[in-house]
Amino acid sequence: MSSSTRIRFLLDENVRKELAAFLSKRKVDFTLATKRAPDNAHARASLAEERAVVTNDHDFMYMCQGDVFGVVLLLLPQNDPNLLLKRFGEMLDECSEYKDHAVLLTPSGWRAEPLPIRFPPRKVS
């Protein structure tokens, strides 16, 4: 993504509702994932819409480049919305790598790591 391109998010249903309000207030483009849809449906939607999936679901860590646009994995206590909003705000202000990356939000901060490359690569049809 170029520096002028703003990140867009797809919020999984397991994400606290306070995050949606926070993103709305900051005028960040996001959509809510379809309830009870499987992970691969969220991944396909993220690719089609170029949105990073925001989730608490560790299954997304097993996805590779080309499976999902990008992932923001919330490795934070579920009962602390203030910490979630603090770390997410820091990530928004500082992170520029979402495509083909897993961004891990932890109680102490965030870090972005490239998603693995699938070998052999999946055939595009």
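Strands, like helices, are taken here as DSSP runs numbered from the N terminus, a strand needing at least two residues. With that in mind, select Phe69 in this predicted model, and you will find the residue in the loop between β3 (52-55) and β4 (71-74). Is Phe69 buried or exposed? With a relative accessible area of 4%, Phe69 is buried.

Keep Phe69 displayed and add Asp80, which is 11 residues away along the chain, and the C-alpha atoms of the two turn out to be separated by 27 Å. Asp80 has its place in the loop between β4 and α3, and its relative accessible area of 29% makes Asp80 partly exposed. From Asp80, go to Arg16: the pair is 64 residues apart in sequence, while the C-alpha to C-alpha distance is 9.7 Å.

Next, select two helices, α1 (residues 17-25) and α3 (residues 81-94), whose axes come within 10 Å and cross at roughly 40°. Because the angle falls outside the ranges for roughly parallel, roughly antiparallel and roughly perpendicular, α1 is oblique to α3. If you turn the view so that one helix lies in front of the other, the crossing of α1 past α3 is right-handed. To see which side chains and backbone atoms to inspect, show Glu18, Leu19, Phe22 and Leu23 on the α1 side, which meet Pro81, Leu84, Leu85, Phe88, Gly89 and Leu92 on the α3 side. Of the residues in this contact of α1 with α3, eight are nonpolar, one is polar and one is charged.

From the end of α1, move on to Lys27, in the loop between α1 and β2 (29-32). Lys27 counts as exposed, at 69% relative accessibility, and its phi is near 60°, a positive value in a residue other than glycine. This is worth a pause in the viewer, since most residues other than glycine have a negative phi. Another stop of this kind is Asp100, a residue other than glycine with a positive phi near 60°, and Asp100 lies in the loop between α3 and β5 (101-106).

Now select the cysteines Cys64 and Cys95. How many disulfides are there? The count comes to zero, a disulfide being a pair of cysteine sulfur atoms within 2.5 Å. For Cys64, the closest cysteine sulfur is that of Cys95, and the 19 Å from one to the other is too far for a bond. Cys95 is likewise in no disulfide, the nearest cysteine sulfur being that of Cys64, 19 Å away. As for their surroundings, Cys64 is buried, with a relative accessible area of 10%, and Cys95 is buried as well, with a relative accessible area of 9%.

The last stop is Glu113, which lies in strand β6 (residues 109-114) and, at 33% relative accessibility, counts as partly exposed. Which residues does Glu113 touch, once those up to four places away in sequence are not counted? They are His101, Ala102 and Leu104, so it is useful to display these three together with Glu113. Finally, add Ser46 to the selection: Glu113 and Ser46 are 67 residues apart in sequence, and their C-alpha atoms are 18 Å apart in space.

Terms used:
Residues are numbered from 1 along each chain as its sequence is written. This is a predicted model: local features need pLDDT of at least 70, side-chain atom pairs count only at pLDDT 80 or more; totals for chains, interfaces and linings use all residues. Side-chain values use heavy atoms; hydrogens and water are left out. Axes are lines fitted to C-alpha atoms, for helices over the stretch in contact, and angles run from 0 to 180 degrees between N-to-C directions. Helices (H or I, at least four residues) and strands (E, at least two) are DSSP runs, numbered from the N terminus. Angles under 35 degrees count as roughly parallel, over 145 as roughly antiparallel, 65 to 115 as roughly perpendicular and the rest as oblique. A crossing is left-handed if the near helix is turned anticlockwise from the far one by less than a right angle, and right-handed if clockwise. Contact means heavy atoms within 4.5 Å. Ala, Val, Leu, Ile, Met, Phe, Trp, Tyr, Cys and Pro count as nonpolar, Asp, Glu, Lys and Arg as charged, and the others, Gly among them, as polar. Buried means under 20% relative accessible area, exposed over 50%, partly exposed in between (1.4 Å probe, protein chains only).
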